[in-house]
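Colleague: Please take one part of this model, look at it closely with regard to its exposure, and then set it beside the rest of the chain. I should like every cut-off to be stated.

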Amino acid sequence: MVDSQIHTGGSRRPSSAALLAAAALAFAWLGTSAVVAAEAEPAAAAEHGEAEHVDWQAWKAGNQIGDKASLQRGAANFANYCASCHSIKYLRYERMAKDLQISEELLRKNLLPAGAKPTDYMMARVAAADGEAWFGRAPPDLSLITRSKGSDYVYQFLKGFYVDDSRPTHSNNLALPGAAMPAVLSDLEGVKTVVFSAEGESGHGGGKQVERFEQVAPGALTAAQYDSFVRDTVNYLDYAGEPSQIERGDLGIWVLLFLLVFTGLTWMLKKEYWRDVH
Ligand code: HEC
């Protein structure tokens, strides 16, 4: 076995003619599949009888609560971009750091607002009354937002800001029309306008149908990086909505292991009991 491997690996080289033939075949295959793809796309669009559009209502957060690195990034995102306005009032910094395996040193250095203690609950730095005066609506506590509206909604909301000069914030939101929240992530995402589809058409799940976005100014992040940024942030909010879900996942494995061992033991016990009867 080892011998033959050494032999074939070392000495057998495909001849150049065989290589050429293989390359030609590959090109032919690529060529036809590209033609097939090019023909299939417009056909599919025509079949549905609709113009091209952005199906933003179908955007999914796709976050994973078991991904600690993502949760840690989400915690940093939240501390830097959201915590000034939004509280997570049922969660203490200390508990969050423990659940997400963040050291006390990092917690103090990067996540704790000035003057706060690790045992404090995560309260917004803006007082609710000020928030209401400044934005017209107080920024809501986000403890339960992913549970009340869903992670996908929050994902769509954070990606749904667009320029609208008729609004006091000069921006509007696809997921929450007339949103009082300013587009606080535009430095990262960039600034975009929306071209809506013809009057009267609405996307599935309500809301106006979007034909396309137009980027007005670039952001510091690429589109893919911004998606990850939002996904991590949503993941963190998902965790905050039910902090015990991480522990529960870890505990579940032990419960299953215990049940497995216990089944084995009871089976042996059963054999022991019936040994003299049979
Ligand atoms: C400058 C203050 C401010 C900052 C910073 C801010 N928000 Fe908001 N946010 C608001 C206000 C005001 C509202 C209320 C919007 C409304 O009801 O019209 C809001 C609402 C929300 C909502 C609820 C939307 C709904 O459907 O009710 C979510 C979710 C949210 N913010 C997430 C975030 C996240 C995540 C961040 C950080 C990336 C963030 N916000 C940063 C002010 C802010």
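Modeller: A residue is called buried if 20 or more other C-beta atoms lie within 10 Å of its own, exposed if 12 or fewer, and partly exposed in between, with C-beta atoms placed from the backbone. The part I have chosen is helix α11, residues 244–274; helices (H or I, at least four residues) and strands (E, at least two) are DSSP runs, numbered from the N terminus. The model is a predicted one: local features need pLDDT of at least 70, side-chain atom pairs count only at pLDDT 80 or more, and totals for chains, interfaces and linings use all residues. Residues are numbered from 1 along each chain as its sequence is written.

Helix α11 is hardly covered, since the number of buried residues among its 31 is 0. Its end C-alpha atoms are 44 Å apart, which agrees with the 45 Å that 31 residues should span at 1.5 Å a residue; the expected span is 1.5 Å times one less than the number of residues. For the protein as a whole, buried residues make up 21% of the 278, and the chain holds 11 helices and 6 strands.

Strand β6 (residues 210–218) also lies largely in the open, because 0 of its 9 residues are buried. Strand β6 pairs with β5 (residues 190–196) in the antiparallel sense over 7 bridges, where pairing requires that DSSP find at least two bridges between two strands. Within this pair, Gly190 stands opposite Pro218 of β6.

Exposure can also be followed at single residues. Asn110, in helix α5 (residues 104–111), is partly exposed because 13 other C-beta atoms lie within 10 Å. Asn110 touches Ala76 and Ala79, leaving aside residues up to four places away in sequence; contact here means C-beta atoms, placed from the backbone, within 7 Å. The C-alpha atoms of Asn110 and Ala79 are 8.0 Å apart, although 31 residues separate the two along the chain.

Two loop residues deserve attention for their backbone. Most residues other than glycine have a negative phi. Gln101, in the loop between α4 (93–99) and α5, nevertheless has a phi near 55°, and it counts as exposed because it has 12 C-beta neighbours inside 10 Å. His170 has a positive phi of about 65°; it sits in the loop between β3 (161–163) and β4 (171–173) and is partly exposed, with 13 other C-beta atoms within 10 Å.

Around the ligand there are 24 residues, the closest being Cys82, Cys85, Pro139, Ala180 and Met181; a residue is near a molecule if its C-beta atom, placed from the backbone, lies within 6 Å of it. Helix α8 gives the largest share of this shell, 3 residues, while α6 (128–135), α7 (145–149) and α8 each supply at least two.

Confidence must be kept in view, and pLDDT is the predictor's confidence in each residue, from 0 to 100. The mean for the protein is 84, with 78% of residues at 70 or more. Helix α8 (residues 151–159) has the highest mean, 98, and helix α1 (residues 2–11) the lowest, 41. Over residues 1–12 the pLDDT is below 50, and this stretch has 0 contacts beyond near neighbours in sequence. Residues 30–49 likewise stay under 50, with 1 contact beyond four places in sequence.

How values were computed. Contact = placed C-beta atoms within 7 Å.
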